[in-house]
Number of protein chains: 2
Amino acid sequence: MAFQPFQNSMLALGQAPSVIRETFEYGNRRAQEIGRENVFDFSLGNPSVPAPESVHDSIRRLMDETDSVMLHGYTSAIGAEPVRAAIAADINRRFDAGISAQDLYMTCGAAASLTVTLHAVLCPGDECMTFAPFFPEYRVFVESAGAKLVTVPADTEQFQMNLAAFEKLITPNTKAVIINTPNNPTGVVFTEENLNAFCEILRNKEAEYGHVIYLIADEPYRELVYDDTTIVPYLTNLYDDTFVCYSFSKSLSLPGERIGYIVVSPKMQQNTLVYAAVCGSGRALGFVCAPSMAQRVVADNLGKTGDLSIYRKNRDLLYNALTEYGYRCIYPDGAFYLWVQALEEDANAFCMKARDYELLLVPSDSFGCKGYIRIAYCVTTEMIEKSLPAFKKLAEYYGK
Amino acid sequence: MAFQPFQNSMLALGQAPSVIRETFEYGNRRAQEIGRENVFDFSLGNPSVPAPESVHDSIRRLMDETDSVMLHGYTSAIGAEPVRAAIAADINRRFDAGISAQDLYMTCGAAASLTVTLHAVLCPGDECMTFAPFFPEYRVFVESAGAKLVTVPADTEQFQMNLAAFEKLITPNTKAVIINTPNNPTGVVFTEENLNAFCEILRNKEAEYGHVIYLIADEPYRELVYDDTTIVPYLTNLYDDTFVCYSFSKSLSLPGERIGYIVVSPKMQQNTLVYAAVCGSGRALGFVCAPSMAQRVVADNLGKTGDLSIYRKNRDLLYNALTEYGYRCIYPDGAFYLWVQALEEDANAFCMKARDYELLLVPSDSFGCKGYIRIAYCVTTEMIEKSLPAFKKLAEYYGK
């Protein structure tokens with residue numbers, strides 16, 4: 001075999017144009033041309049509300065009261081024990097989930113939660129499933145762990161999990177299924193009915209195949225829910241062989257600080273061995289420990305969030321206006337995304353047309369579902385208000 | 001093939017007893033039995049001097065002056081541009097290395113610098129070399145990247161790189177060589193002569209094999225050097241195809257905060273493509289970005305360190321006393337480790353005997369070199385003073 005100077009798969013990933021990132025960068029160039037205030041950039045899922053002030057209070061207090069060597073030193077690879085104990089208690093208080101500190105593994109954020117979990121359980125030949133539309137990095141993470149991503153076509157009516165299609169695609173090679181509720185990119189929260197039916201299929205298939213099938217719940221948006229009646233069930237309560245992959249990025253508006261955790265359900269088959277594999281995976285990937293001060297900060301701010309009412313206001317404003325202009329919008333209960341049917345078949349072409357009106361939208365193809373756009377409404381309410389006439393004109397262009 | 005419920009290699013890593021960690025945990029149990037002050041734990045390389053006060057000043061100032069959404073938001077995956085520019089300028093000021101911001105990739109610490117680099121360049125069938133004694137995680141990181149670690153036997157006289165053995169072991173499959181100076185576990189700084197001869201071999205072998213051989217310089221201890229005349233050459237100045245993997249863990253006493261960087265030498269063959277592969281690798285492993293506030297903090301504290309004079313004092317105290325008691329100590333120019341020949345052939349047995357005197361030492365076997373012990377002197381000077389009679393009695397037990 002010819003000498004390869006580097007890993008070609010990594011080169012491909014490093015060079016792959018992310019449509020989200022590309023749109024964002026177009027926006028920056030356009031802002032220089034016509035002024036930031038005239039560009040309506042809805043491309044990035046970067047929280048736009050500040051961290052709660054209590055986060056900075058915690059940092060100040062920790063610096064004043066904690067020995068520097070302790071505060072900034074290595075924690076145990078699995079995370080500081082008091083931090084894990086506090087998080088477990090908070091989860092149990094909210095969801096009665098029966099989690100202990102030793103079921104938790106602190107991570108450098110949601111992506112790390114996923115890669116550490118996937119590298120712990122996936123083996124060559126395994127299939128890992130997910131439901132379209134889905135966060136495009138799932139493919140990167142699953143393939144880097146040496147397995148195959150199998151995607152279930154979208155339920156284009158409700159954007160719940162398409163369980164009929166799922167049942168047809170699951171095979172004895174299915175090792176794990178990643179689900180994401182509240183969902184990126186749709187903003188939809190899966191109903192209890194949908195989740196229960198899904199877990200029932202998993203249990204039946206475990207029995208049929210005679211082996212474990214892991215449910216990996218990717219939950220960075222858990223706290224971003226805007227209707228008081230919306231319930232986001234805690235997955236370890238519905239299905240035993242569950243990992244919960246969490247991040248404080250969105251709830252505390254700390255995406256750059258890289259802090260989250262994995263719950264290995266205490267009810268999982270061979271959970272002690274699986275937890276050890278998680279530890280081995282974190283070690284192999286080079287994580288060492290989650291950022292030490294951030295561990296203490298999040299433990300100090302459990303139950304707190306940034307001012308999420310801004311997102312709700314943005315959602316209502318955008319959903320109501322776009323629906324009125326003739327767009328088909330999927331009603332989002334959570335996250336900070338609005339999922340809208342493109343006004344022509346090709347979502348990429350539609351997004352290019354939208355740029356004529358300075359609207360920067362993300363086409364749905366990279367989410368595994370054609371014909372839609374994602375609008376990230378984690379922006380200022382003012383920008384949304386200013387953008388509405390552009391959305392109206394765009395609809396009019398398409399004869400709405 | 002039988003169904004595997006998890007990745008057995010990860011399980012093995014998660015369950016593998018690290019002798020360092022095991023010694024540390026024995027120390028904790030022993031401290032509960034006889035009091036912390038009576039246990040002389042030299043097992044862990046955790047900085048014992050506090051971060052410079054300027055680190056907390058920077059954090060306070062950043063919180064006061066920077067918009068929260070900006071401060072705690074995602075940076076570019078490669079790191080914030082002003083941070084990379086500041087670090088590049090600092091490197092150039094100190095080493096005249098001709099580095100630019102675009103040659104730098106910010107990471108979550110030294111382990112991440114290594115795993116991201118190794119996953120970027122190593123392919124199945126590749127060999128990655130290192131010199132014994134070496135940091136045991138090198139094996140974990142190289143094997144997780146799908147390659148084979150080839151270790152060069154130690155030069156047990158000077159503990160410089162054993163170049164005669166290296167020349168015999170290098171093959172056309174050698175893709176990279178990891179070196180670590182100042183060295184963990186020996187504390188030795190490789191001489192300019194040794195480094196130049198090493199780079200000359202690399203250049204000759206590149207020509208002979210007709211392909212690149214990467215030098216990966218693992219440099220977390222660069223600033224921990226105790227003799228003013230000791231020079232730690234900057235490797236990109238000696239060899240073109242060099243990565244510098246750096247961490248601020250030891251210099252700023254921030255090991256838990258997980259902040260470091262990779263330099264991809266601008267003189268490296270195909271450096272633009274290699275840099276892209278580094279980006280792809282960081283993405284695939286789930287790093288997203290280095291912790292955002294910590295990026296700004298280290299950029300604000302370039303050239304600063306904790307009070308390293310404590311380590312120098314500890315080194316002198318320990319080296320002089322142990323030499324006087326009849327131990328053969330390798331003189332350490334840097335890092336915070338003292339490398340001592342065990343007083344019996346089996347270093348493990350020697351370390352068990354040392355426990356009779358409440359001395360917790362790390363045997364050298366896991367560093368790829370039998371018959372020595374590592375003493376991590378990043379502890380209080382007071383503990384070293386109290387431990388000296390125990391070292392003396394241990395020597396006397398062995399007839400010294």
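Student: How far apart are the mean positions of the positive and negative charges of chain A?

Tutor: They are 3 Å apart, taken over 34 positive and 48 negative charges. Lys and Arg count as positive and Asp and Glu as negative, while His and the chain ends are not counted. Each charge is placed at NZ of Lys, CZ of Arg, CG of Asp or CD of Glu. Before we go on: this is a predicted model, where local features need pLDDT of at least 70 and side-chain atom pairs count only at pLDDT 80 or more, though totals for chains, interfaces and linings use all residues. Residues are numbered from 1 along each chain as its sequence is written, chains are lettered from A and ligands numbered from 1 in the order in which they are written, and side-chain values use heavy atoms, with hydrogens and water left out.

Student: What makes the radius of gyration of chain A agree with that of a compact globule?

Tutor: The rule is 2.2 Å times the number of residues to the power 0.38, with the radius taken over C-alpha atoms. For 400 residues that gives a value near 21 Å, and chain A has 21 Å, so the two agree. The C-alpha trace spans about 60 × 55 × 55 Å along its principal axes.

Student: Which helix and strand counts does chain A have?

Tutor: Chain A has 14 helices and 13 strands. These are DSSP runs numbered from the N terminus: helices are H or I with at least four residues, strands are E with at least two.

Student: Why is B:Ala347 called buried?

Tutor: Buried means under 20% relative accessible area, exposed means over 50%, and partly exposed is in between (1.4 Å probe, protein chains only). B:Ala347 is at 1%, so it counts as buried. B:Ala347 belongs to helix H13 of chain B. B:Gly371 is 24 residues away from B:Ala347 in sequence but 4.8 Å away in space, C-alpha to C-alpha. Leaving aside neighbours within four places in sequence, the contacts of B:Ala347 (heavy atoms within 4.5 Å) include B:Pro363, B:Gly371 and B:Tyr372.

Student: How do you know that the buried residues of H13(B) line one face of the helix?

Tutor: In H13 (residues 347-355), the buried ones are B:Ala347, B:Phe350, B:Cys351, B:Ala354 and B:Arg355. Seen down the axis, they fall within an arc of 150°, so they line one face. That arc is the one of the directions from the helix axis to the C-beta atoms. Their cover includes helix H2 (19-34) and helix H14 (381-397) of chain B, along with strand E13 (372-376).

Student: Is B:Asp96 buried or exposed?

Tutor: B:Asp96 has a relative accessible area of 66%, so it clears the exposed cut-off. B:Asp96 is in the loop between helix H5 (81-95) and strand E2 (104-107) of chain B, and has a positive phi of about 50° although it is not a glycine.

Student: And why is A:Gln270 called partly exposed?

Tutor: A relative accessible area of 44% lies in between the two cut-offs, so A:Gln270 is partly exposed. A:Gln270 also has a positive phi of about 50° without being a glycine, in the loop between strand E8 (260-264) and helix H10 (271-285) of chain A.

Student: Which peptide bond next to A:Pro133 is cis?

Tutor: The one from A:Ala132 to A:Pro133, with omega near -10°. A:Pro133 sits in the loop between strand E3 (127-131) and helix H7 (137-144) of chain A. In chain B, the bond from B:Thr181 to B:Pro182 is cis, with omega near -10°.
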